[in-house]
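Let's take a friendly walk through this model, starting with its cysteines and moving on to what sits inside the chains.

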Amino acid sequence: MAQIKIFGYADKISVKPGDTIQFHVSADGTSTAEAHLVRLIHGDEHPHGPGFIEEEIDCVANGTWQVEKQFTQVGAFLEATDPDRKLALDGSITLCAFIWPTWPDVGHRQCLLGRWDNDRNHGYGLGINPSGRLEFWVGCGNEIDYLQAELPLQKQAWYFVAATFDARSGRATLYQEGVVNRYNSLLSKVAPVEYRSHVSEMFRFRQNNLPDTPFLVAGSRDWHALRGHFVSQLYCGKIDRCGVFDRALAREELDAIRAGGKPPSDGMVAYWDTTKGYTDRGIGDLVIDIGPNQLDAKGYNRPVRAQTGYNWNGRNDCFRLAPHEYGGIEFHADAMIDSNWKATKTLELPETLRSGAYAMRVRGGDGEGLAEEYIVFFVRPRTPTARIALLFSTATYLAYANERFATDGQIVQPMAGQPPTISEVDIEIYENPEFGAGCYDTHADGAGVCYTSYRRPMVNMRPKYRIAAFDLPWNFPADLSILAWLEHKGYEYDVLTDEDVHLEGVAAMAPYACILNSTHPEYHSERMLDAHEDYIAGGGRFICMGANSFCCNVAFRDDEPWIMECRKTGGHWIAWAARPGEYYLATTGQMGGIWTGFQRWGQKLVGNTFAGEGFAHSQPYRRMPDSYDPALAWITEGIEGEIIGDFGLGNGGAAGIEIDCYKLGFGTPPNTKIIASSGGHPDNYIAHDEEGAHAHQGFSGTHNYILRADMVYFEAPNNGAVFATGSIAFGSALPVNGFENNVSQLLSNVVDAFIRPGPLSGSNTTRKSTAGLERVAP
Amino acid sequence: MSIDSGIKWRNPLFVWGGKRDVEELPTIPFRSHKEVWERTRRSTTKLNPVGRLRYYYKWPGHGATMWNRLRYWPTRRRVLRVRGEYNPKTLRAEKTIVDKRPIWWVLGLLALAIAPLFTPGDLQNTLLTAGATFGIYAAISLCWMLIMGTAGVFSLATYAVVGTAAFVTALLAVKFALPWWLLPPIGALVGLVFGGIIALPATRLDGFYYALLTLGLNELCRVYFVTSKEFGSANGGLYGARTYIPEEWSQLGQLLLAYYACFGLMLLALLLYRFVNGRRLGRILRMAPEKREAFAEATGVNFRQARVWVFLVSSAALGFIGGFYTSNFGGVAFSIFNFDTVLLGLAMLVIGGVGRAEGAVVGTLIVVFFDQVLNTWGPARFMIIGLIMLLVVLYLRNGLFGIKAQFRAWRDKKKSERRSTRAEKGGELLPEEATETEDKSVIYQRRHDKMTRDHLKTLVSPEIIEEHRHSLNGQHSEALERLLIYFRTRPQVEKYAIMAVERFEGYRIVALSGHRGVAPRVVEDRIYATPDEACHGVFMRRVQDLLES
Ligand SMILES: [Fe+2]
């Protein structure tokens, strides 16, 4: 019998009691699975900690589920809306497009545009054949006639390509001309490359169209006995303006389009102007047809828009400045933003459910290894009741979703300072593109992955997962150590997610006296950042539990919050680099990259942010003089000696992995105090390159004082306050010795003080807010 | 390995008081990486010019002009298989004729067509007769090639089929005064019946036994026809059929007519060969057996049946040739069943190379030339044919037309042999490989890698290994840090990693594939209890690989 594998996801990540949530499950090797709702309390199975803890919750969905193998359509493409079959042209035809192939020699056929049934060989198509040459083909079922260009296509070069077919004479002609300028392609004009190709041949028959074949851009219809219809022959590369005519255009007419002229209206069936419909606030998935039939094309798996087009000339760096130069739509054969599986179970959550981190545990067979899935979601209260909220960094989870550092990243071993520790599920996602990638990966064609979503299995959001590259719990599993600490200490708390903060802004945060965030609060949309700022300035008390905080700028659409866009630019601390001219988020029109690029350093919000990272052993903190200030003595009350956190489940110390530091030049509030700092990080720790304009020897741990975790504290207006740990390893130190240790003690001191009504002890209580903001914390 | 030098590495992190940071550890004396580079610069290896010269002309690409491609109507086959491509060295757009055989065929057939105009007067008779014989035998060879090469049936009864058809048609022609044009179709019928009979055992018997069987059949035919009164046992053959050659024509005219008629017969045989071998049926049969089975299963094509089909078609064609034989010579001699005829026919196939039409035609040309044109040499010419055949079988893998591929394979083998003897480069790309490398930075990468390895090998010592065991990923001495940075920065292909068999319980060492979709490979069975032990295991493997490289 085949190995049992269970994978699943939920349609929502943040819900309230009484809400309806759908679970989508795919199973290999079994038709039934045992499901049980659980509340997650602790994830990390490290033998020096409390181990994995879950609480089984009664609900109507518990029990045996019928499950089946579900298939996933990977690859981005456009589908034209053509209810009247205007594109089922069976006579003369012209197909034309501006293209920028990224992987012409991938070795299988890529369809650029066509109404082609790849299974039954009906229709017509213009594409790239397995030898990397442009090809035009028509099919009538039992036979295909085809015509290929003279020379293989060059990668990353703009071409204008067309195929014309005169049905009366049977003559088919291919038109291929380079439209390379000084900026838009890989090579300049000094490279002696011949881009042109014009080939003509007589076809024996004309195309025959099936009624239900869709007209696709960047793919073609296919069929499989188990899956039914799907799309194959997926294209890797960019396509700019493209069109279809019902006559064979003359070469001069094609020349005119290539030169940027208006396409002729005579015979035009469709012409997709990829630059139409852009707004200052972003670009949608619909590509507008400016032809007579309005056959707009809809993007599937979110083709990347706002990319430079064939006429980009380097002067403008954003689609908002010059939409007509940004007609490039980029396609990837392995893009995936939604598994689109059938719902396996729909559950109306019990009204009695307390706020927390939950999962639907689904087990097939013995429930070992890949036969066990935890579909994680977060439950907020109907109305906030607790004074404390734990804010889960779901944006960061999305960014890291299904990352493949260990298997794909050559630099990961020198970064980690150790060989990766891979588990079965890492191999599973490495073998199957159906899982999609995260924003730390590149597509197989080499471009970075800029869209990620939670409507697909996210194996590294499972509670027991350990990141292969570093052999540590990472993000969600690590954040559960904070939740377990709250549970252990008996605090009443609610749970929030980044999604709530993005959609509701400060209103989601305001009800709470004190908010703790996660070990790795790295990714924030503008609205999330604004909400944090307003919350703290309005008197909220905020504990930044982790490091690498508030670094990266991401964007969501309001109606599809499960998809996040991320463009990597600026500095070396990026997994991939957005191409020149493609730094702006198509979702919002805002520049992507790091918040540093906007003068919104994390320090301006919580006093410290990214200094650097390393994965050799972690270090303890050593108290700094400010901690002995009697006004701040409450923070370290009950802690003996100078050293804090010389233990931990995260590489043996409370300070390490990724560490943040105080920096006045980056906007740390000047009243900030450093309570303790770590030190003695080995040379495996390398400083963030914004710490110096030039790379130089001496960037690393033993040479560079920047590499430290600063535990900082400052008071904000309206009795607000911030405490920031400056270390990812901090959270993993909490559970050591049954949560009885000086890190736990210190955090208790801070939380107790933060939730106590009234001004903080030792604070300047007479100070009034200058921002004029409502005080939101009671 | 070095002896204990007494040299200590002092840990810069010791002052921070971390629990795992020891004060000092034994290490080795400093060795500069420059030693390796300087040693290499002193190398006196003789350097030769490298790279492959292109000694034949390549047409330029079409650029902006239209390239009108022609097809053989009504197929989608192009008249010449021409591929446009970039010259890998100069980037020039060029055209390469992928398959030059059509050109050679046209030239060769043209030469045969006009050859009679250039025959010297005194040899005209011999040459034209030989030419006619060549036409007929080439046609026979082509059909036989279909049976042997395409259908893969090792039949030696080819001349038995031809002879039988010839004798039957001659008998009928003599008895019923049939016109000449009826003889080939009747022959085809005879061939079909004969073929049908011998096809039955073809699919059941092994190649060798089938060859024996058909050889026996050939002999049986000979004995039957020689002894049978009806077939003119007294005359050495059966003659008297009407031929297509008008008797009132001049001798030259008659010779020319026979020459062109036989030439036409060969063209017909070529067409048949092309039709059977080049279409789907033939393509399936020429696939490798293991592929063929899978294909047959996938498409529902019964390739056993296809073999029989090819066999029957070829047999009918052989019968047709037999009938033509009679209408050409007015009859037929018993010698067609002779064992030497079979052997000569076999020589025609083997010399040219089994499995290709040009092999059959050129092989026939050579044999007929020796047999018919040099007939003044007497029996010596058979010795020569035998010798040629022997040499071909001994030294050539696939006849004369396999020479090119065989030569290339031999040249490549010699090249790699030469390369492997030049071990002093130790991992660097050899100049002749390097010129063929697309990405020139790879050449330097390999050089850098080699230099680095040569230096790192001098750093491996018991002290360093002990240091690693003690501190896997903390702060390290200069020597150990160099080794680790090298190991960790290697490309992903075959790079070691740890696989958690059971978290916190068992780990094993694997090697990454470096290719998406391909799982890591398990490199050893050993299970390590902790990740740290596995990590040191990885280090030891890497050290060993370094020392062995
Ligand atoms: Fe991060």
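## Cysteines without partners

In this predicted model, the sulfur of A:Cys450 has its closest cysteine sulfur in A:Cys439, 7.3 Å away, so the two are too far apart for a bond. A disulfide would need the two sulfur atoms within 2.5 Å. A:Cys450 is also buried, with a relative accessible area of 6%.

A:Cys661 tells a similar story. Its closest cysteine sulfur belongs to A:Cys551, 11 Å away, which is too far for a bond. A:Cys661 is buried, at a relative accessible area of 0%. Over all chains, the structure holds zero disulfides.

## The nonpolar cores

In soluble globular proteins, nonpolar side chains tend to be buried together. Here the largest nonpolar core has 146 residues, and those with the most contacts inside it include A:Phe476, A:Leu516, A:Tyr523 and A:Phe754. Helix H12 of chain A, residues 742-755, gives this core its largest share, eight residues.

What does A:Phe754 touch, leaving aside its neighbours within four places in sequence? Among its contacts are A:Phe542, A:Ile543, A:Trp634, A:Tyr713, A:Phe723 and A:Leu760. Of these, A:Phe542, A:Ile543 and A:Tyr713 are also listed with the most contacts inside the largest core.

There is also a second, separate core of 85 residues, with B:Leu171, B:Ala211, B:Leu238 and B:Ile321 among its members.

## Domains of chain B

The domain assignment divides chain B into domain 1 (8-36 + 446-548), domain 2 (56-99) and domain 3 (128-338). Taken over C-alpha atoms, the centres of domain 1 and domain 2 of chain B are separated by 53 Å.

How values were computed: Residues are numbered from 1 along each chain as its sequence is written. Chains are lettered from A and ligands numbered from 1 in the order in which they are written. This is a predicted model: local features need pLDDT of at least 70, side-chain atom pairs count only at pLDDT 80 or more; totals for chains, interfaces and linings use all residues. Side-chain values use heavy atoms; hydrogens and water are left out. A nonpolar core is a set of buried Ala, Val, Leu, Ile, Met, Phe, Trp, Tyr and Cys residues joined through side-chain atoms within 4.5 Å. Buried means under 20% relative accessible area, exposed over 50%, partly exposed in between (1.4 Å probe, protein chains only). Helices (H or I, at least four residues) and strands (E, at least two) are DSSP runs, numbered from the N terminus. Contact means heavy atoms within 4.5 Å. Domain bounds come from an automatic or database domain assignment.
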